Amino acid sequence: MAWDLSTARISGIFQKEFIQMRRDKLTFAMMLVIPVMQLILFGFAINTDPKSLPTAVYLQEHTPITRSIVSGMLQSGYFEIHQGAEQANLSSEQLLRQGKVAFALTIPAGFTRRLLHGDKPQLLLEADASDPAASSHAVAQFSVIVERALRHEFRGALSYLQAKPDAVDVHVLRNYNPEGITQYNIVPGLLGVILTMTSVMITAIAMTRELERGTMENLLALPARPVEVMVGKILPYSLIGIVQTCVVLGAAMGIFQVPFTGALVTLAAGVALFILANLALGFTFSTIAKTQMEAMQLTFFFFLPSILLSGFMFPFRGMPEWAQWLGEVLPLTHFLRIVRGVMLKGSQLADVYPELAAIVAFMAIMGVVAMLRYRRTLD
Amino acid sequence: MSDSVFAIDVTGLGKDFGDKTVVDGVDLRLPKGQVWGFLGPNGSGKTTTIRMLCGLLQPTRGQGRCLGFDVLSQSREIKLRTGYMTQKFSFWDDLTIRENLQFVARLHGLKSIPSLVDTILEKLGLAHRQHQLAASLSGGWKQRLALAAVTMAKPQLLLLDEPTAGVDPQARRDFWDEIQQLTSDGMTVLLSTHYMDEAERCDQIVYLANGHLLARGSVEDIIRHTGIYTYHIQGRDLRMLAQQLRLQPEVANVSYFGSALHVSGTDQPALLQRLQGLCAQGQRIIDAPPELEDAFIALMQQAGKDQREYN
């Protein structure tokens, strides 16, 4: 009889599921922690209209009008002055390429004089437009800000200038991605996301599989040193990472026509270190997880903030300071700066050096943790 | 130390997991070239002791040497010279038979591996199946593969954890022939088993219960040591009699043995008197030689009593 249902059997299964759910701490934690994590990250950390973007200001003259333009920019909330640009003698091009600033404003000498003569002087705003989402709002606001600042100044004796709508020739240079093509930013970033996902997960699973299937006991009984096991386990997945890199780069350039303006060697260094850092993390996860399922869950715990806080999906500078600090810990954040820098901005090794150093630090710490935690016995 | 006559020489070996003591105060002196049987009920600490001997577990207490190397600090040296066969098949199911053997050979740093593996496959009779996944093997074949793999590097000591569990009688016999061959080549073997016939094939038996070593010696030594006496009772209505006997303090064990009742105890006069008192008309008491199993049951009961008194 198809309708011969038993409430006793259903409640038996119901109870068993609850008992198992309670015992499986990680799944339980996942069901509770992941929603909270998502609420915090999406609710507080993510902001698609980033403000307070660091701006280098090159004022070649200091007059009430130029000061008014700068203070107008600050009041809009979109721009924040990056101190010391002029003192350090760094060009706007260097600062933008290294990612130290998002904008550079140049007001040339004689600006005020030409403005008063009605000569439509030029005002230059250079923008790092590699991520169109991060820069477009501020760029769109810039002309309005300048106009408003001038209107405020054009009073009294200067009110004759009010009549001229385009008193200033606002020149905006969208560097690195002038057409604002989203793929230019997303596709190189995807390389980092794909490498994170596969490298961390595959390594974590490869080790826990031995534990879950009972082959770990055999492996430990064989005379292999922990370093030999670790290197032997990590190398094959490094090769897979390199193949993935070639596929993604090929697609990026072949299908999406993403420009590659920098040196391949610089990117190769970044990719190599990034893969190793992720593999070391995967190895660490494998020393924590007891089953392949737990290894996947740990990977997911790491992957979610990596996607959201690294600047892959949402502008890094749009996030509050605490989220940016968290983001700085993640290797993906640094790798995205490298891969976007090298491909779009033509960054040199010296430009991405701090990012490489951050990845190396992460890799070193994870490597040590993994070696310390690696089980030499079944204890 | 490696010229010692003992392959295993440990004293006071003990292991705690958390606050639970699993093995305590185990002394073992296993002479080279012998086969020793490790017996005891499930959970008695056999596997834990074997794992401590080959460096898979760090002992909590005790000290000693395996093949002349310190069990606490030189586990790599021990692993290089020891073959350890796990209780559960722990080779790689998703590698072929050949690949498993090659992998083990590489980790042992052996030379001319392809021809070595060929020889082993030929000897095992698995040459025609060498490219099958290990998962496709039956229990008996897995056991043979595992034994071949752990003996490939010509270890001086073999630690085998219930190597014949779940294996058919023919495969067990072949296995013991192989063990005999290996020991005649000078290998020392310590193996755990639940089979009495296998225990009787060993030079010495070590009996472990609740993590303590209760008895050690040859089969005759252990039977003599426990001072056990056994009788067979034949006749009708044995079921009733068995129920009554199980309640008697003089009776250590009652079990059915074919159509007879097998009764054992350590106090011979008292046991015999009790049997004569309880046996009805048509039930016959026959003197029977005690077996190893009787001795072990007596040891286990003794251990259980000690444990209760201790607690």
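In the predicted model, three salt bridges are counted between chain B and chain A. One salt bridge joins Arg51(B) to Glu217(A), with the closest N and O atoms 2.8 Å apart. This pair crosses between the chains, running from helix α8 (residues 215-221) of chain A, which holds Glu217(A), to helix α1 (residues 46-53) of chain B, which holds Arg51(B). The two partners fall into separate accessibility classes: Glu217(A) counts as buried because its relative accessibility is 12%, under the 20% limit, whereas Arg51(B), at 23% relative accessibility, counts as partly exposed.

Beyond the salt bridges, eleven residue pairs in polar contact are found across the interface of chain B and chain A, with both residues of each pair at pLDDT 80 or more. On the side of chain B that touches chain A, the helices α2 (75-81) and α3 (97-107) of chain B each supply at least two residues. By class, that side of chain B is made up of nine nonpolar, five polar and six charged residues. In terms of contacts, 20 residues of chain B meet 17 residues of chain A. The area buried between the two chains is about 1,800 Å², and carbon and sulfur atoms give 55% of this area. Within chain B, the residues that lose the most area to chain A are Leu56(B), Arg76(B) and Trp92(B), which together account for 32% of what that side buries.

Over all chains, the structure holds 21 salt bridges. Among them is the pair formed by Glu210(A) and Lys233(A), whose closest N and O atoms are 2.9 Å apart. Glu210(A) lies in helix α7 (residues 182-213) of chain A and Lys233(A) in helix α9 (residues 226-254) of chain A, so this salt bridge ties together parts that are 23 residues apart in sequence. Both partners are classed as buried, Glu210(A) with a relative accessible area of 9% and Lys233(A) at 15% relative accessibility. Another salt bridge is formed by Lys16(A) with Glu17(A), for which the closest N and O atoms are 2.8 Å apart. Here Lys16(A) is partly exposed, with a relative accessible area of 40%, and Glu17(A), at 38% relative accessibility, likewise counts as partly exposed. In chain A, salt bridges that share partners also join Glu93(A), Arg97(A) and Asp351(A) into one network.

Helix α2 of chain A (residues 25-45) contains a kink of about 30 degrees at Met31(A), shortly before the proline Pro35(A). The buried residues of α2(A) are Thr27(A), Met30(A), Ile34(A), Met37(A), Leu41(A) and Ala45(A). An α-helix has 3.6 residues a turn, so residues three or four places apart point the same way. The buried residues of α2(A) pack against α11 (292-309) and α12 (321-329) of chain A.

Two residues of chain A draw attention by their backbone geometry. Most residues other than glycine have a negative phi. Lys120(A), although it is not a glycine, has a positive phi of about 50 degrees. This residue is found in the loop between α5 (111-116) and β4 (122-128) of chain A, and Lys120(A) is partly exposed, with a relative accessible area of 43%. Gln257(A), which is not a glycine either, has a positive phi of about 55 degrees, and Gln257(A) lies in the loop between α9 and α10 (264-288) of chain A.

Turning to chain B as a whole, its secondary structure comes to eleven helices and 14 strands. The C-alpha trace of chain B spans about 75 × 45 × 35 Å along its principal axes. Chain B has 311 residues, of which 49% count as buried. Among the contacts in chain B with a separation of 6 or more, 69% are accounted for by residues 24 or more positions apart. Within this chain, Thr96(B) is placed in the loop between β6 (82-85) and α3 of chain B. Thr96(B) counts as buried because its relative accessibility is 9%, which is under the 20% limit. Leaving aside residues up to four places away in sequence, Thr96(B) touches Gln130(B), His131(B), Gln132(B), Leu133(B) and Ala134(B).

Methods
Residues numbered from 1 in each chain as written. Chains lettered and ligands numbered in written order. Predicted model: local features only at pLDDT ≥ 70, side-chain atom pairs only at ≥ 80, totals over all residues. Heavy atoms only, no water. Contact = heavy atoms within 4.5 Å. Buried area = accessible area lost by both parts, 1.4 Å probe. Salt bridge = Lys/Arg side-chain N within 4 Å of Asp/Glu carboxyl O. Polar contact = N/O pair within 3.5 Å; in protein donor to acceptor, adjacent residues only side chain to side chain. Helix = DSSP H or I, 4+ residues; strand = E, 2+ residues; numbered from the N terminus. Nonpolar A, V, L, I, M, F, W, Y, C, P; charged D, E, K, R; others polar. Bend = angle between axes of the 7 residues up to and from the residue. Buried < 20%, exposed > 50% of the residue type's maximum accessible area, 1.4 Å probe, protein only.
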